[in-house]
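User: I am new to reading protein models and would like a careful, close look at a single part of this one. Please begin at one place, explain what surrounds it, and then show me how the rest of the structure is laid out around that starting point.

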Amino acid sequence: MARKQLIRALPADWPVSITQATQGEEALAAIRQGLGQVMLLDLTMPVMDGYQVLAKLREEGLACQVLVVSGDVQDEARRRVDELGALAFIRKPADAAELRATLERLGLYNPASSEAKSNPPRQELALKVNFRDALREVSNVAMGRAAALLARVLGVFVQLPIPNVNLFEVSELHMALQDAQRGQRLSAVCQGFIGEAIAGEALLLFHDSEIDDVARLLGWQPKNAGETSEMLLDLASVITGACLSGIAEQIDVRFSLGHPQLLGQHAAIEQLIHLNQQRWKQTLAVEISYSLEGHAIHFDLLLLFTEDSVPRLTKKIQYLME
């Protein structure tokens, strides 16, 4: 999905051949073969991420001009890629005008050149994208927006994963959560959302063993359970609100969010996952796990869409894919 959007944003008369890679190791292999003089590089990728690719390029002395195109828009992410030798940073989804102007500024594209003028418009590459991959990419961009806000609030660098997207029977989701969090004590905040026939609930899980560290980062000194609850509700509003706003912006929907509610504190996961079991048979679940660099702290965010939302969400995503 990310590659399809990016290729469409390239100037149609730019006389280049395009090589694609699904992750960093593939990209490096292509560059070693001389297939990449200019690289448009993502940061959040499986196997080898964009930071590792930039470091490897420098280590091996590979000649390649790199523009980073990423949903991770943290100030620190921009600083790090600049330090590693990237020529520019463009946030996802790439705006065609911004990309064109950046390529011109760097001297990589000249629309007035005879080659560009005589070059026929490039044929669009056939890229098949399924719904799950497309929603994963939409979620990837959204989680980057939330991470940037979280990084400013906490004063840390937020490490981002590849989001997981799955359609679960609700009972299967409960079993998966039980298995993943077995034996751990958790606090959870739930926040409902709805917009244009798309509805669901966001569930943010905090590990109790990490809450004191979170409070220290925020400069809070909760004196009682009530103040700890207030801190968790505020933090959940930041993370959930920014992530849902990022999704809404991409699929052109306006979400209304309910008030965040503390489902439980210091409870086992078995006590927290009763929500929706009676109302839903299936749920489309987007799972994002944020971790904080230099701290043993991570947050697990689950965006749970109702089964009735899937047809509308599919149409919205289909529009993006086309």
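Analyst: A good place to begin is Tyr109, which is found in the loop between helix α5 and helix α6, the latter covering residues 114-118. Please keep in mind throughout that this is a predicted model. Although a loop might make you wonder about exposure, Tyr109 counts as buried, because its relative accessibility is 3% and buried means under 20%.

What, then, lies around Tyr109? Leaving aside neighbours within four places in sequence, Tyr109 is in contact with Pro11, Asp13, Trp14, Arg100, Leu103 and Glu104. With one of these residues, Asp13, the contact is also polar, since the side chain of Tyr109 and the side chain of Asp13 meet at 2.7 Å. Trp14 shows how the chain folds back on itself in space: Tyr109 and Trp14 are 95 residues apart in sequence, and yet their C-alpha atoms are 6.6 Å apart.

From the loop we can step back into helix α5, which covers residues 96-105 and holds Thr102. Thr102 has a relative accessibility of 8% and therefore counts as buried. Its side chain reaches the backbone oxygen of Glu98 at 2.8 Å, and, again leaving aside neighbours within four places in sequence, Thr102 is in contact with Leu67, Ala88 and Ile90.

The next helix to look at is α7, which covers residues 131-154. Its N-terminal end is capped by Asn130, where a side-chain oxygen lies 3.2 Å from the backbone nitrogen of Arg132. The 24 residues of α7 should span 34 Å at 1.5 Å a residue, and the end C-alpha atoms are 34 Å apart, which agrees. Of those 24 residues, 17 are buried, so α7 is largely enclosed by the rest of the structure. After the helix comes Gly155, whose phi is positive, near 70 degrees.

Helix α7 takes part in two further features. One of them is the largest pocket, which holds about 1400 Å³ of space and is lined by 49 residues, with Arg3, Leu6, Gln20, Ala21 and Leu40 lying nearest its centre. The elements that give two or more residues to this lining are α1, α2, β1, β2 and α7, and α1 gives the most, with six residues.

The other feature is the largest nonpolar core, a set of 51 residues in which Val158, Tyr290, Phe299, Leu301 and Leu303 have the most contacts. Among the elements that give two or more residues to this core are α7, β10, β11 and α10, and the largest share, 11 residues, comes from α10. Phe299 lets you see such packing residue by residue: not counting residues up to four places away in sequence, Phe299 touches a list of residues that includes Leu150, Leu154, Leu235, Ile239 and Tyr290. Apart from this core lies another one, of 22 residues, among them Met39, Leu43, Met48 and Cys64.

Finally, helix α10 can be read in the way we read α7. Asn224 caps its N-terminal end, with a side-chain oxygen 2.9 Å from the backbone nitrogen of Glu227. The 27 residues of α10, residues 225-251, should span 39 Å at 1.5 Å a residue, and the end C-alpha atoms are 38 Å apart, which agrees. Just after α10, Asp252 takes a positive phi of about 60 degrees.

Key:
Residues numbered from 1 in each chain as written. Predicted model: local features only at pLDDT ≥ 70, side-chain atom pairs only at ≥ 80, totals over all residues. Heavy atoms only, no water. Helix = DSSP H or I, 4+ residues; strand = E, 2+ residues; numbered from the N terminus. Expected span 1.5 Å × (residues − 1). Polar contact = N/O pair within 3.5 Å; in protein donor to acceptor, adjacent residues only side chain to side chain. Core = buried A, V, L, I, M, F, W, Y, C linked by side-chain atoms within 4.5 Å. Buried < 20%, exposed > 50% of the residue type's maximum accessible area, 1.4 Å probe, protein only. Contact = heavy atoms within 4.5 Å. 1 Å grid on protein atoms, 1.4 Å probe; cavity = no way out; pocket = protein on both sides within 12 Å on 5 of 7 lines; lining within 4 Å. Points joined across faces, edges and corners; volume = space filled by probe spheres on them.
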